[in-house]
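Good morning, and thank you for joining this session. I would ask you to keep the sequence and the model in view while I speak.

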Amino acid sequence: MKWKNRKYGEESPYIPAGPFKIRLPFIHYRFEWPDYVQGLLMCAVDLSAIPLLTTLLGMPFEVALAIIVLNGLFYLTHHLLGDPAVPGWITPAIPLITLYCQQFPEGPERVHALIAFQMTLGLLSIFLGATGLAQRVVRLIPPAMKSGIILGAGLAAVISVFQVGGRFETFPWTISIAIGIGFYLLFSKHFAVFHKRNALWATIAKLGIFPVILIAVIIAPLFGEAPWPTIQFGFSAPDFITLWNDYTVFGLGLPPLMMFVTGLPTVLATYIVLFGDVLQNKVLVEDGAAARPDEKLEYSPSRAHLIFGIRNSFMSVLGPDVTMCGPTWSAMQVVMIERYKKGRKAMDSFFGGIGSFRWGTNTGLLLLPIVSLVEPILGVALALTLLIQGYVSVKVGILEARSQTDLGIAGIIAAVLCIKGAAWAFAVGIILCLLIYGKDFFKGEVDKTFTKDQLTQDKA
């Protein structure tokens, strides 16, 4: 138990392996049982990807579950290889990827498109992580275009829920009530003050959207929008055989080369969104490290790129996934950081907290009582995830703009992206930036749009 010997200000013990730092449970970090139990429950959010897979790819529930289980195993690679993150989906990009895949007919061709997309994203991430070029690539994108892509991703997320045939039509009352509660718990200033005064509400606040999912389990049957869950006991039965025979390169062969080419604009759009998550996670880790000088904690964007690049590359072969493999699950990363700030007694090492949490989610995916409890409302859980991400992406997208002109261009790009996809959005964005900014294509302009109201308030 090397973790017991860590001295004040040192890193948690590890086995060096090139850019990686291998840490094993019970040996290099203390197993944190509170985080493990929370993970058992929060696997419900991982399961909410199943409706996406069954709808988009037409696969049976058990096959989609196999993809979720595989993805869960790869979640473990982050903390095991030294990345201080609770990994998750590339949530803002889900609508973009869905729109892209829907351009192909359902069946082998659509599966091939998804395989090519995820493999390209994975290899691109590995290349950028190994060379350290990630920041340079993102700097080459004009602010107006970055703003438009992130804004468009947020709008597409909301549209996917409320469009004709969307999940709101199936669960109108459940989604309305659940999202209202969810937005109050996550974003309300009133609740932010209120939960600091009450231990019970503080605990609820740390569980992210899981309390809302539990409420949905009750609300949906009461309004006749879903059956009451039939709790089953035993272990879940993911169908890996059908997955590998019908939905991977083992049964379908490699995608045509042209599919790798046609997916490039959407891959780049997804990467822009993904890079924002990397930067956000870096800030979160630094915030946690500042509060815990007893443990040296460092976040390497290059190492993170290598790990989620490897995850996407392997998943494209073993079980292509619409949600993709992202660098962080922002909501749970915040929860983990806040618990970590409480000191060494609460969480000895950050790697112990995030590692125990992800061991917990993996256990939960295999427990049939948990899977059967949330199965009737997985569509609601997905809608909640998309609407919350839509809210965040719209905020972040607008703040990426640096002038009113940027906002105008971004609005056009976002609309085109939602209707025509990433390739058209990039083309329109490039033309508009050239026409409006000319030689200042990469710089754009900066005005006082985002400071004038603050200056007025300061003078008042």
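Residues 63-81 are 95% helix and 0% strand, with their end C-alpha atoms 28 Å apart. Please bear in mind throughout that this is a predicted model. The span is listed as a transmembrane region in an unreviewed UniProt entry. The same annotation covers 113-134, 146-164, 170-187, 199-223, 253-274, 365-388 and 408-437. For residues 365-388, the helix content is 83% and the strand content 0%, and the end C-alpha atoms lie 23 Å apart.

I turn now to the charged pairs. Side chains of opposite charge can pair when their charged atoms come close. How many salt bridges does the structure hold? The count is 14.

Let me begin with Glu32 and Arg339, whose closest N and O atoms are 3.9 Å apart in a salt bridge. This pair links distant parts of the chain, since Glu32 sits in the loop between strand S2 (20-22) and helix H1 (33-47), whereas Arg339 belongs to helix H18 (residues 330-340), 307 residues apart. Are these two partners buried or exposed? Glu32 has a relative accessibility of 3% and therefore counts as buried. Arg339, at 15%, is also classed as buried, because the cut-off for that class is under 20% relative accessible area.

The salt bridge between Glu286 and Lys282 has its closest N and O atoms 2.6 Å apart. Both residues lie in helix H16 (residues 264-291), separated by 4 residues, or about one turn of the helix. Glu286 is partly exposed at 44% relative accessibility, and Lys282 is partly exposed at 29%.

A further salt bridge joins Arg303 to Glu298, with 3.3 Å between the closest N and O atoms. Here Arg303 is buried, at a relative accessible area of 4%, while Glu298 is partly exposed at 29% relative accessibility. Elsewhere, salt bridges with shared partners connect Arg6, Arg292, Asp294, Arg344 and Asp348 in one network.

Arg292 has a second point of interest. Its charged end sits over the ring of Tyr340, at 4.2 Å from the ring centre. There is also a charge over a ring at Lys420, whose charged end lies over Trp424, 4.8 Å from the centre of that ring.

This brings me to the aromatic residues. A pair of aromatic rings is described by the distance of the centres and the angle of the planes. The model contains 14 aromatic pairs. One of them is formed by Tyr100 and Phe117, which are tilted, with 5.8 Å from centre to centre and 40° between the planes. Tyr100 lies in helix H4 (residues 94-101) and Phe117 in helix H5 (residues 108-131), so the pair ties together parts that are 17 residues apart in sequence. Both rings belong to buried residues: Tyr100 has a relative accessible area of 3%, and Phe117 has a relative accessibility of 1%.

Phe26, Phe31, Trp33 and Tyr36 make up one aromatic cluster. Phe26 deserves a further word on its backbone. Most residues other than glycine have a negative phi, and most peptide bonds are trans. Phe26 has a positive phi of about 70°, although it is not a glycine. Phe26 is located in the loop between S2 and H1 and is partly exposed at 43% relative accessibility.

Which other residue shows a positive phi, near 60°? That residue is Met324, again not a glycine. Met324 is placed in the loop between helix H17 (301-318) and H18. Its relative accessibility is 0%, so Met324 counts as buried.

Finally, I would draw your attention to Phe357, in helix H19 (residues 350-366). Phe357 counts as buried because its relative accessibility is 0%. What is in contact with Phe357, leaving aside its neighbours within four places in sequence? The contacts are Asp35, Tyr36, Gln38, Gly39, Met42, Val86, Trp329, Met332 and Met336. Tyr36 is thus named twice today, as a contact of Phe357 and as a member of the aromatic cluster with Phe26. By way of contrast, Phe357 and Leu56 are 301 residues apart in sequence and lie 29 Å apart in space, C-alpha to C-alpha.

Thank you for your attention; I would be glad to take questions.

Technical notes:
Residues numbered from 1 in each chain as written. Predicted model: local features only at pLDDT ≥ 70, side-chain atom pairs only at ≥ 80, totals over all residues. Heavy atoms only, no water. UniProt positions renumbered as here; feature names shortened; annotations may be inferred. Helix = DSSP H or I, 4+ residues; strand = E, 2+ residues; numbered from the N terminus. Salt bridge = Lys/Arg side-chain N within 4 Å of Asp/Glu carboxyl O. Buried < 20%, exposed > 50% of the residue type's maximum accessible area, 1.4 Å probe, protein only. Contact = heavy atoms within 4.5 Å. Phe/Tyr/Trp six-rings, centres within 6.5 Å; stacked < 30°, edge-to-face > 60°. Lys NZ or Arg CZ within 6 Å of the ring centre and 35° of its normal.
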